[in-house]
Each structure stands twice: as structure tokens, then as C-alpha cells.
Amino acid sequence: MKAIFFLAVLGCFLGVFYAQAQEVQCPNKAPGDGEEAIIIPHPTNCKHYFVCDYGRAIVMKCPDDLHFNPVKKVCDFPWQAGCTASNPDS
């Protein structure tokens, strides 16, 4: 019974992240030679960001207690990341 509940909750979380990834507009191309990967901050969660792959947004998560820094395009300390997400503590 616990396993079924766990799978249902996991499915809900994956569905939410998939739906949010569908809202992010990624260019339908790969980075060219010498270009950096296309990385987009998550609009509502400071601990997440998206990496674009041929038009598909892939949700990535920063390690514990770090936030995504959209200027440096790395996971960083919250006070340096400057997160502007609508729910920064998520």
C-alpha cells in the first residue's frame, strides 16, 4: 500500500515538473561550436533550472541549499544567486 502511495506522489511531482517544462520556450537547436549550453532559470523555484536540448526543456536541480544563479549560470549560494522566482524558497 505504501509503495502505491509513493508511486502516486512521485507521478504527481513528475507531472508538475513536466508541465512546467512545457511552458519554457527553448530554441529548437543545439549550441553551435564555441557556444554555451542554453540554460534557463525556473520561473517559480530557485533550486531548479532548465537545460535546453533541441527544443526540449530538461529540469535540473541544484544541490542542497544552493540556488540557480542566472547570471553565472551555475548553482550558487542563495545570497549570491539573486533569485527572482515567484516562490524562492521552493
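**Three disulfides and the strands around them**

A disulfide joins Cys46 to Cys83, with a sulfur-to-sulfur distance of 1.6 Å. This pair connects distant parts of the chain, since Cys46 sits in the loop between β1 and β2 while Cys83 sits in the segment after α2 (78–81), 37 residues apart. Please keep in mind, as I go on, that what we have in front of us is a predicted model. The torsion about the S-S bond is -80°, and the link of Cys46 and Cys83 is left-handed. The two ends differ in how they are covered: Cys46 is buried, with a relative accessible area of 2%, whereas Cys83 is partly exposed, with a relative accessible area of 26%.

While we are in that loop, let me mention Asn45, which also lies between β1 (39–41) and β2 (48–53). Its side chain reaches the backbone nitrogen of Lys47 at 2.9 Å. Is Asn45 buried or exposed? Asn45 has a relative accessible area of 10%, and because the cut-off for buried is under 20%, this residue counts as buried.

Now to the other cysteines. How many disulfides does the structure hold? There are three, and if we number the bonded cysteines of the chain in sequence order, the pairing reads 1-3, 2-6, 4-5.

Let me take Cys26 and Cys52 next, whose sulfur atoms are 2.0 Å apart in their disulfide. The torsion about their S-S bond is about -65°, so this disulfide is left-handed. Cys26 lies in the loop between α1 (2–23) and β1, and Cys52 lies in strand β2, so the pair ties together parts that are 26 residues apart in sequence. Both Cys26 and Cys52 are buried, and both belong to the largest nonpolar core, which has six residues in all and is completed by Val24, Ile38, Phe50 and Ala57. If we set aside its neighbours within four places in sequence, Cys26 is in contact with Ile40, Cys52, Gly55, Arg56 and Ala57. There is also a second, separate core of five residues, among them Tyr49, Cys62, Leu66 and Phe68.

Cys62 brings me to the remaining disulfide, the one it forms with Cys75, where the sulfur atoms are 2.1 Å apart. With -85° about the S-S bond, the link of Cys62 and Cys75 is left-handed. Cys62 lies in the loop between β3 (56–61) and β4 (67–69), and Cys75 lies in strand β5 (residues 74–76), so this pair ties together parts that are 13 residues apart in sequence. Cys62 counts as buried at 3% relative accessibility, whereas Cys75, at 24%, counts as partly exposed.

Finally, let me turn to the strands. β1 and β2 pair in the antiparallel sense over three bridges, and they form a hairpin with six residues between them. Within this pairing, Pro41 stands opposite Tyr49 in β2, and Tyr49 is one of the residues of the second core.

On the next pairing, β2 and β3 are antiparallel over six bridges. Which residue of β3 does Cys52 stand opposite? Cys52 faces Ala57 across the pairing, and Ala57 is, like Cys52, a member of the largest nonpolar core. The hairpin of β2 and β3 has two residues between the strands, and Tyr54 in the turn has a positive phi of about 50°.

Methods. Residues numbered from 1 in each chain as written. Predicted model: local features only at pLDDT ≥ 70, side-chain atom pairs only at ≥ 80, totals over all residues. Heavy atoms only, no water. Helix = DSSP H or I, 4+ residues; strand = E, 2+ residues; numbered from the N terminus. Buried < 20%, exposed > 50% of the residue type's maximum accessible area, 1.4 Å probe, protein only. Polar contact = N/O pair within 3.5 Å; in protein donor to acceptor, adjacent residues only side chain to side chain. Disulfide = S-S within 2.5 Å. Core = buried A, V, L, I, M, F, W, Y, C linked by side-chain atoms within 4.5 Å. Contact = heavy atoms within 4.5 Å. Pairing = 2+ DSSP bridges.
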